[in-house]
Amino acid sequence: MVESALLAFGVLVVLLTLGVPLPYCFGGGIMVMVFVGGATMKGAMLWGFGQLSSPVLLAIPLFVLAGTIMSSSGIAGALLKFVDVFVSRIKGGLGVVATVSCAIIGAISGSGLTGIAAIGPILIPEMERKGYPRAYATALIANSSILGLLIPPSVTMIVYGWVTDTSILACFLATLGPGLFIMAAFSATNLVWARKFPLVLDAPVSFGGFVSEASSRALIAVPALVMPVLILGGIYGGVMTPTEAAAVSVIYALPVGFFIYRGLTMRALFDAGKEAGTAVGAIMIMILFSLILSQMLVLQNAPQALVDTIFGFTTDRTLLLILVNVMLFLLGMVVNDITAIILVAPLLMPLMQAIDVSPVQFAAIIGVNTAMGGVTPPYASILYLGARIGKVKVTQVIRPAMILLVVGYLPVVFLTSFWPSLSLAIPTFFGY
Amino acid sequence: MMDRLFKIVLTGLLLIVAFFQAVQVVTRYVLEIPMMGLEEMLIYPTLWLYVLGSVNASREDSQIRANVLDVFLKTQRARLKLAVTAEVISLGIVAWLTWWGWDFFRYSLRVWKESPTLYVPTFYSDCAVFIGLLLMTLWTVKSLIKHVRVLAAHNPSLDAEVNNG
Amino acid sequence: ANLKISHVRPQGAQVDKDLRVFAEQVTQATGGKLKFDLFPANALGDYTVVQERISVGAVDMALQPVATGVNKRLQIGALPYLATDWPSAKRVFGKGSPLRAAMEDLYAKQDITVLAAYPVYFGGISLNKPPVNPGDPDAKKGLKLRVPPIKSFQLLADSIGYIGSPLPFSEAFTAVQTGVVDGVIGSGAEGYYASFRDVTKYYLPMNTHFEVWYLLINGEVLNDMDKADRAKLEEAAATFETSRWAAAEADQAGNEKKLQDAGAQLVPVSAEALAANARNARAQVWPEIIKDMGEAWARPIVDSVTK
Ligand code: NA
Ligand code: NA
């Protein structure tokens, strides 16, 4: 059973290397499970297609469309010109804006795909214009997009709270500390890395010049600034859900783009629609087949086998925590975050209790690890969507993405495991 | 022509989805009479959007790939051979998946499941799987033929220039 | 191969424990010939998908709510206030009742056999804001409740004075937290404790509906089974149901207690208030759903269990 799972994984990687389109790579893995592993395709399409209609995914195409319309209509331009007043004289400033924007988007959405979907179409071209390599800009935003799962709310934490009988609010707060650290780590890494790029910086300006520049650009940006206010206010004011906010931002962007900034034309709208639809479609069909494949692994108890194999031979606390991270990392390579949590959290819970890791800290550990799964190939849906939106090759974006991950993300993963306060301080402050 | 069609259909589907969602905010928050069955109706354009978006990616030959091997190949001819190999494999896989899409198509037609409140048959979205995969298969065939032709007409002596260029 | 059983609650939940006991009994009684793999927490898909997967034979068994997509007549058990107290619940949903027979028939059409019923709880309302006139179904409360995508619940919320707001489950928690909706309807103390306890300030045990899950098995799997094994399985299933009927009421009280311990205020509802709410729901929801199911088919069954 484990053998066929490994073979399926191997075939998946080989097909990927050959340049077979990603959905078919997962299709190849499925064929291995069927012809070698004895899995059945009966009802598999039914199951997979049912998963695709999940409301969690519904906001993604809308956010991509909103971002693309904003980008081509002049709305994003006005916003960026305003932001530029503050960062255009700092080397790497725009990269920090990208990361922080993803964190802010993360505070309204519970999915890891939203940041790249909404921010990517706007900031990738802008960063390139300012001298960042396109692949780097894509990698930075895709990686920062994971913050959507760490800054509350988060779909994975809702699922974790449910399967482990832990307070969902406590779980939300548990990943906040690591999330903020990761945001800081990405920003810092970006500031260092950006020194290597031939960035276009504005000349220094006097304070008076700065103020007049800021106020004149702010005035132009007002209709554009209404957009984030509308989204954040709408969600936190209890008017709408994040998915609805995505739709409202599309509806708002249309007249503003057509009549106020006038950058939007019918042609540009149809181009944006096709871009957004194609990017999202390509990702969703990949997700469909990857879900079917991971469901076949689930039916054969492969995740349980993985846990048993890894935890058979040690009781040392440090080693166990490292192994938990390694195992979650491996799992994140093949199944999506929610599947991983549903299957593995209850299996690991007794082990965590035995080594005195609280359920809330474990929420953060499992949260940072499974979130990372979105950018680690072969199942790297966030990275792939980034490549599609940024129009760069996956092979080009993987390198900077992995470097950012190792420098900015991995240290926080280990801190989360070995420094309980990082995840527990905020929940404790709020009384959990 | 085909490009125009996809532009209109994909944009139309997205705007329908956005419009439905926005309507729900108004009916719930402003009018305080949320519309029943709106979210279940949303699923139909959404699923068609996913499928047709992917079909368009196949048509434009812009499905996401991670062709790691390609980076290491020196000659244009070797790259073309790799592309043909990848396409033959893709064709085998997508054709097999299409067969199972057909199986799902027939199943959905037979059980004729309905949505929970408005009783709209789910067949209208379920059938997208088969239709989409079939179109993806056809475009894979087309792109395979194209690459085989290019490979057959390829002059190996040009490779030197490619490498230097 | 081991029989795969799906269910809808996390590992360690009461239903999970009960199912493990059942599985263990069958395995022992058949001398290890029937073994089971449990898949908790919807790991094989939500109950609507799993029901179809059982029907096509991709999953063997499940313990879960009724999915009505393939046949809308399966909604019959979901009518609000079909049962109003535990004795009537047993009469309506228990073995041998006309409704139970109808359910078994409908499932059989999907090649699914009902092995047992699993009474779960009486439904209630979870609120994040103070209740408004809970006893008077005609009072417009101005409170929005998240309703699941099930027609009878959407109609129910409106019939007892709330504003029913359909929202996906994955967005429900945050929606209550931010105030998009003021509470949730469609589940009971157990479900609210598991998924909404951080945002449940008040719990109203309104007995809105009686939640019953069914232990299902693919018909072919059952028929292909050795006769003696099958008898053992059915015997264990009967015991499983009987012991659950005996334990369900106390279990519900336990879950209400857990909600209170988590900080929710239990708002008692008088018998008159319950009767008034039931009257409204029956007058406004039943005709609509009965019409959907087919008057000629549904009416006699409903009449025979509510007499
Ligand atoms: Na978030
Ligand atoms: Na991954």
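Here are four worked exercises on a predicted model.

Residues are numbered from 1 along each chain as written, chains are lettered from A and ligands numbered from 1 in written order. Local features need pLDDT of at least 70, side-chain atom pairs count only at pLDDT 80 or more, totals for chains, interfaces and linings use all residues, and side-chain values use heavy atoms, without hydrogens and water.

**Exercise 1. List the protein donors of the sodium ion (ligand 1) and state their burial where it is known.**

Step 1. Donors are N, O and S atoms within 2.8 Å of the metal, or 3.2 Å for Na, K and Ca; water is not among the atoms, so sites may look incomplete.
Step 2. The O atoms of Gly106(A), Ser109(A), Gly148(A), Ile151(A) and Pro153(A) qualify, at 2.2 to 2.3 Å from the ion.
Step 3. Along the sequence, the spacing reads G-x2-S-x38-G-x2-I-x1-P.
Step 4. Gly106(A) is buried (under 20% relative accessible area, 1.4 Å probe, protein chains only), at 1%. Ser109(A) is buried too, at 4%.

**Exercise 2. Describe the second largest cavity and its lining.**

Step 1. A cavity is a set of points on a 1 Å grid over the protein atoms alone where a 1.4 Å probe fits but cannot get out; lining residues have an atom within 4 Å of a point.
Step 2. The structure has eight cavities of 30 Å³ or more. The second largest has a volume (space filled by probe spheres set on the points) of about 190 Å³.
Step 3. Its lining counts 17 residues; nearest the centre lie Ser109(A), Gly110(A), Val155(A), Pro242(A) and Glu171(C).
Step 4. Helices are DSSP runs of H or I, at least four residues, and strands are runs of E, at least two. Helices 4 (55-73), 9 (155-164) and 13 (242-260) of chain A and helix 6 (169-178) of chain C each supply at least two lining residues. Helix 4 of chain A gives the most, four.
Step 5. By class, the lining has eight nonpolar, eight polar and one charged residues. Here Asp, Glu, Lys and Arg count as charged, Ala, Val, Leu, Ile, Met, Phe, Trp, Tyr, Cys and Pro as nonpolar, and the others as polar.

**Exercise 3. Characterise the annotated span of chain A.**

Step 1. An unreviewed UniProt entry places "domain: TRAP C4-dicarboxylate transport system permease DctM subunit" at residues 9-418. Such annotations may be inferred rather than shown by experiment.
Step 2. The span is 78% helix and 0% strand, and its end C-alpha atoms lie 31 Å apart.

**Exercise 4. Characterise chain C.**

Step 1. Chain C has 12 helices and 11 strands.
Step 2. Its C-alpha atoms fill a box of roughly 60 × 45 × 30 Å along the principal axes.
Step 3. Of its 307 residues, 62% count as buried.

Notes. 1 Å grid on protein atoms, 1.4 Å probe; cavity = no way out; pocket = protein on both sides within 12 Å on 5 of 7 lines; lining within 4 Å. Buried < 20%, exposed > 50% of the residue type's maximum accessible area, 1.4 Å probe, protein only.
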